[in-house]
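Colleague: I am new to this structure, and I would like a close look at a single part of it, the enclosed space and what surrounds it. Please go slowly and explain each term as it comes up.

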Amino acid sequence: MVPSATFDSQRVLRLAAETFDIEARALLGLKARQGEDFVKAVAAVLESRGRVVVMGMGKSGHVGRKIAATLASTGTPAMFVHPAEASHGDLGMVTPGDVVLAISNSGESDELAAVMPAIKRLGVTLIAMTGRAESTLAQHADIVISSAVDQEACPLNLAPTASTTAQMALGDALAVALLDARGFREEDFARSHPGGSLGRKLLTHVRDVMRSGDAVPRVAPDTGLVEMMREMTRKGLGATAVVEPDGRIAGIFTDGDLRRLIEEGADLRTLNAREVLHARPKTVRDDALAVEAADLMEQHRITSVLVVDESGALVGALNSNDLMRAKVI
């Protein structure tokens with residue numbers, strides 16, 4: 001249909017506001033409806049030896065996919081199985097140790113009803129998320145958690161709107177209760193989100209992003225300043241480590257140090273590394289998190305840091321550009 005010539009912007013905004021109000025009331029009502037059955041649902045998932053298999057048709061199916069994804073990313077193994085496909089072989093994905101979470105606002109989905117007997121024969125725990133406690137789905141279920149709403153936001157009270165919002169929120173509540181009960185931490189979240197920013201911060205170590213081997217600028221203490229400058233240019237770090245013959249770090253020399261010498265009018269041809277180095281430079285362990293190296297650089301307002309192993313020997317170097325390329329900062 002094409003927009004009416006009498007398109008009313010104020011009516012559009014009023015309908016939007018009414019939608020927000022209806023869905024907000026639906027969520028508040030949802031809070032009041034949860035009790036012992038919600039607790040039983042959480043306990044059943046915690047006690048299961050398998051996964052949470054989420055099922056739902058239509059809009060409830062779309063919500064179910066999101067709930068399964070949220071559970072899986074927060075420490076509860078979960079997957080979505082389409083009820084219609086379950087009748088044609090996908091029910092084999094459900095094993096006796098699983099918990100099935102079946103979602104239907106009406107509780108009368110034909111596709112769900114068709115697989116309920118087979119699910120029950122498997123001996124799995126069936127949790128129904130439904131808006132009707134007397135529905136067919138609820139009667140088959142071991143545990144029923146209410147997703148009932150008083151009205152849909154749709155002006156016709158037909159399109160799933162407030163009801164799907166309630167389902168989504170109820171799924172989030174399950175996930176939050178489960179992750180808390182499991183003692184799920186930031187580190188656990190990072191392991192299931194290695195490509196995300198938190199994953200990179202909590203899983204990336206200095207050794208993963210540092211320069212090593214010949215890429216690390218280093219000179220001996222008696223190296224002339226001109227050769228030091230060549231080493232810094234070749235390695236492109238903006239600094240070089242000064243290393244004693246026994247492998248100990250004597251110090252560091254940076255581009256900033258070079259600029260200051262030039263400003264002071266020093267005769268660069270007569271100086272060597274030992275005369276211009278900074279002793280006791282800031283270092284970071286190779287097994288530290290890369291974000292710790294970033295914090296060290298920010299705290300001391302430096303752009304490069306030397307990397308050492310547990311014995312204190314130089315094993316690498318790192319600058320802020322390396323951390324940016326790794327998307328740690």
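By class, how many nonpolar, polar and charged residues does the lining of the largest cavity have?

Modeller: This is a predicted model, in which local features need a pLDDT of at least 70 and side-chain atom pairs count only at pLDDT 80 or more, whereas totals for chains, interfaces and linings use all residues. Residues are numbered from 1 along each chain as its sequence is written, and side-chain values use heavy atoms, with hydrogens and water left out.

The lining of the largest cavity has 8 nonpolar residues, with no polar and no charged ones; here Ala, Val, Leu, Ile, Met, Phe, Trp, Tyr, Cys and Pro count as nonpolar, Asp, Glu, Lys and Arg as charged, and the others, Gly among them, as polar. A cavity, found on a 1 Å grid over the protein atoms alone, is a set of points where a 1.4 Å probe fits but cannot get out, while a pocket is an open set with protein on both sides within 12 Å along at least five of seven lines; lining residues have an atom within 4 Å of a point. Over the whole structure, the search finds 2 cavities of 30 Å³ or more, and the largest of them holds about 50 Å³ of space, a volume being the space filled by probe spheres set on grid points that are joined across faces, edges and corners.

The residues that line this largest cavity are Ala 41, Val 45, Val 52, Leu 71, Leu 101, Ile 127, Leu 174 and Leu 178. Two helices, α2 (36-47) and α7 (162-181), each supply at least two residues of that lining; helices (H or I, at least four residues) and strands (E, at least two) are DSSP runs, numbered from the N terminus.

It helps to follow some of these lining residues into their own elements. Leu 71, which lines the largest cavity, is also one of the buried residues of helix α3, together with others including Val 63, Ile 67 and Ala 68, where buried means under 20% relative accessible area, exposed over 50%, and partly exposed in between (1.4 Å probe, protein chains only). Helix α3 runs over residues 58-73, and because its 16 residues should span 22 Å at 1.5 Å a residue, the 23 Å between its end C-alpha atoms agrees with that value; the expected span is 1.5 Å times one less than the number of residues. After α3 comes Gly 75, which has a positive phi near 100 degrees.

Leu 101 and Ile 127, also in the lining of the largest cavity, lead to two paired strands. Strand β3 (residues 99-104) pairs with β4 in the parallel sense over 6 bridges, two strands being paired if DSSP finds at least two bridges between them. Strand β4 (residues 125-130) is mostly covered, with 5 of its 6 residues buried. Within this pairing, Ser 104 has Thr 130 in β4 as its bridge partner.

Ser 104 takes us on to the other enclosed space, since the residues lining the second largest cavity are Ser 104, Gly 107, Glu 108, Ser 109, Leu 112, Ala 113, Met 116, Thr 136, Leu 137 and His 140. Here α5 (110-121) and α6 (136-140) are the elements that give two or more residues to the lining. This second largest cavity has a volume of about 40 Å³, and its lining divides into 4 nonpolar, 5 polar and 1 charged residues.

Open space can be described in the same terms. The second largest pocket has a volume of about 160 Å³, and of the 13 residues that line it, Asn 105, Gly 131, Val 149, Glu 152 and Ser 163 lie nearest its centre. The elements that give two or more residues to the lining of this pocket are α3 and α7, and its residues divide into 5 nonpolar, 5 polar and 3 charged. Helix α7 is thus named for both the largest cavity and the second largest pocket.

The largest pocket holds about 290 Å³ of space. Among the 16 residues that line the largest pocket, the closest to its centre are Ile 252, Thr 254, Ile 302, Thr 303 and Ser 304. The elements giving two or more residues to that lining are β8 (249-254) and α12 (255-263), with the largest share, 5 residues, coming from α12. By class, the lining of the largest pocket has 5 nonpolar, 6 polar and 5 charged residues, whereas the lining of the largest cavity has no polar and no charged residues.
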